[in-house]
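User: I'm new to reading structures and would like a close look at one part of this one. Could you walk me through it slowly, in plain words?

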Amino acid sequence: MSRFKFTAGPWNVNEGVEAFGPGVRPTVPMEEKFKKFAEVGLSGVQFHDDDAVPDMNNMSEKAIIDYAKDVKAELDKYGLVAEFVAPRLWMDPHTTDGGFTSNSKEDYDFAMWRAKRSIDIANALGAKNIVLWLAREGTLCAESKDPVEKIGALIDSINDMLAYDDKIKVLIESKPNEPIDRSYCGTIGHVMAVSAATKDPARVGAVLESAHAILAGLDPANEMAFALKFGKLGSVHLNDQNGCRYDQDKSFGVESLRGAFNQIKVLCDHNYGANGEMVGLDVKAMRTQKPEDQYRHIQNSMKIAMMLEEKVAKFDKAFQAKCIAERNYEALEMYVMELLMGA
Ligand code: 3MF
Ligand code: MG
């Protein structure tokens with residue numbers, strides 16, 4: 001049993017499309033994903049706005065809410081909750097140059113329309129959070145935007161979301177690059193600063209994704225800790241990443257077991273989840289994976305997280321204190337390695 005409630009998004013079971021090759025697995029219908037998510041032990045689902053309401057651009061505001069209510073009924077059927085809704089602002093022709101930081105007023109307005117519809121969808125699904133992964137908020141050409149002005153525009157857009165609904169929380173998922181070259185919210189530190197500059201900082205927090213921290217050259221557990229200190233770690237995306245390559249979304253812990261241990265440790269040590277926060281697994285199956293076992297990466301990630309929870313429970317705090325008192329960190333480090341290797 002885990003102390004955590006695990007979630008994943010429908011995008012975490014996919015056809016395997018990448019920049020160099022087409023899909024290799026058939027599309028799985030949404031309801032089958034819900035059914036299977038419940039079966040493998042997830043507690044909830046994360047949504048992009050158009051995962052929940054696919055044709056939303058062509059629908060009225062009321063029709064969007066009605067459609068989302070039907071999705072909520074399907075979730076209920078499988079005993080799942082909705083964790084968050086994230087406006088997908090990187091696929092649409094209106095967001096080619098970003099949304100909240102676009103140079104086009106029309107595109108900015110479109111992004112705000114999607115953000116507000118995402119809040120409506122979240123309310124219909126019973127989700128408490130909006131997630132902003134700011135995929136294209138930044139520049140490909142550094143001189144194309146005034147970064148000072150654009151960070152102001154981002155803060156304005158969040159204030160507008162907070163004013164639209166007085167309960168919803170906005171969580172920014174930091175990422176330094178990909179698809180954008182220079183992003184405006186690359187790390188948790190950036191997210192905390194933006195949060196502090198909004199009209200209701202208590203309702204603006206962060207999602208830390210392990211791989212995104214690694215892409216920023218930072219340690220995921222340390223990034224989680226930074227947000228935890230401010231009471232603003234609203235969600236996590238556990239996964240792994242082999243250094244500064246393309247965004248890999250590997251199963252949690254498969255590249256850096258000690259790094260994964262320290263993520264689970266910081267979450268356990270600081271009672272993450274006590275206010276309803278969930279543990280998202282933003283993992284992708286390898287393109288080589290066959291359809292008949294295409295939930296394996298989610299199951300593996302959850303299993304590794306739970307095995308690491310057991311290691312955290314076994315962690316010998318008295319021995320740690322002794323090592324600290326003697327400033328013998330070589331001994332402490334070897335103890336951790338032996339703990340993880342089962343010696
Ligand atoms: C990109 C991501 C995204 C976000 C998701 C929800 C596809 O690197 O991590 O997953 O997590 O869009 O914000
Ligand atoms: Mg993510």
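Leaving aside its neighbours within four places in sequence, which residues is Arg 3 in contact with?

Analyst: Happy to. One thing up front: this is a predicted model, so keep that in mind as we go.

Arg 3 is in contact with Leu 267, Cys 268, Asn 271 and Glu 309, once its neighbours within four places in sequence are left aside. Take Glu 309 from that list: Arg 3 and Glu 309 are 306 residues apart in sequence, yet their C-alpha atoms are 8.4 Å apart in space. As for its surroundings, Arg 3 is partly exposed, because its relative accessible area is 46%.

Where does Arg 3 sit along the chain? You'll find Arg 3 in the segment before β1, so let's follow the chain into that strand. β1 covers residues 6–8, and helix α10 (residues 296–314) lies across β1 and β10. The helix runs at about 155 degrees to β1.

β1 and β10 are also partners: they run parallel and are joined by two bridges. One pairing to look for is Phe 6, whose bridge partner in β10 is Val 279. If pairing is a new idea, strands of a sheet pair through backbone hydrogen bonds, either parallel or antiparallel.

Now zoom out a little. β1 and β10 belong to a closed barrel of eight strands, in the order β1-β2-β3-β4-β6-β8-β9-β10, with parallel pairing. From one strand to the next, the twist averages 30 degrees.

Back to β10 itself, which spans residues 278–281. Met 278 and Gly 280 point one way from this strand, while Val 279 and Leu 281 point the other way, and all of them are buried.

On to β9, which pairs with β10 in the parallel sense over four bridges. Two matches are easy to find on screen: Ser 235 stands opposite Met 278, and His 237 has Gly 280 as its bridge partner. How enclosed is β9? Six of its six residues are buried, so β9 is largely enclosed by the rest of the structure. Strand β8 also pairs with β9 in the parallel sense, again over four bridges, and there Val 207 stands opposite Ser 235. That gives Ser 235 a partner residue in β8 as well as one in β10.

Helix α6 (residues 188–196) packs on the sheet too, touching β6 and β8. The direction of α6 makes about 170 degrees with that of β8.

These strands bring us to the metal. The magnesium ion (ligand 2) is coordinated by Glu 173, Glu 209, His 237 and Asp 282, at 1.9 to 2.2 Å. The two glutamates and the aspartate use their side-chain oxygens (OE and OD), while the histidine uses its ND1 atom. The site has six donor atoms with angles of 78 to 170 degrees among them, and it is octahedral. Along the chain, the donors follow the spacing E-x35-E-x27-H-x44-D. One pair of them links distant parts of the chain: Glu 173 is in strand β6 (residues 169–173) and His 237 is in strand β9 (residues 233–238), 64 residues apart. Both Glu 173 and His 237 are buried.

Just for contrast, try the loop between β10 and α10, where you'll find Met 286. Met 286 is exposed, because its relative accessible area is 64%. Pick Val 191 as a landmark and you'll see that the two are 95 residues apart in sequence and 30 Å apart in space, C-alpha to C-alpha.

Finally, a word on the nonpolar interior. In soluble globular proteins, nonpolar side chains tend to be buried together. Here the largest nonpolar core has 87 residues, and Phe 47 and Phe 100 have the most contacts inside it. Helix α4 (residues 105–125) supplies the largest share of this core, 10 residues. Not counting residues up to four places away in sequence, Phe 47 touches several others, including Trp 11, Phe 34, Val 71 and Leu 125.

Technical notes. Residues numbered from 1 in each chain as written. Chains lettered and ligands numbered in written order. Predicted model: local features only at pLDDT ≥ 70, side-chain atom pairs only at ≥ 80, totals over all residues. Heavy atoms only, no water. Donors = N, O, S within 2.8 Å, 3.2 Å for Na, K, Ca; no water. Tetrahedral: all angles 85-135°; square planar, octahedral: opposite > 155°, others 65-115°. Buried < 20%, exposed > 50% of the residue type's maximum accessible area, 1.4 Å probe, protein only. Pairing = 2+ DSSP bridges. Axes fitted to C-alpha atoms, helices over the stretch in contact; angles between N-to-C directions. Contact = heavy atoms within 4.5 Å. Core = buried A, V, L, I, M, F, W, Y, C linked by side-chain atoms within 4.5 Å.
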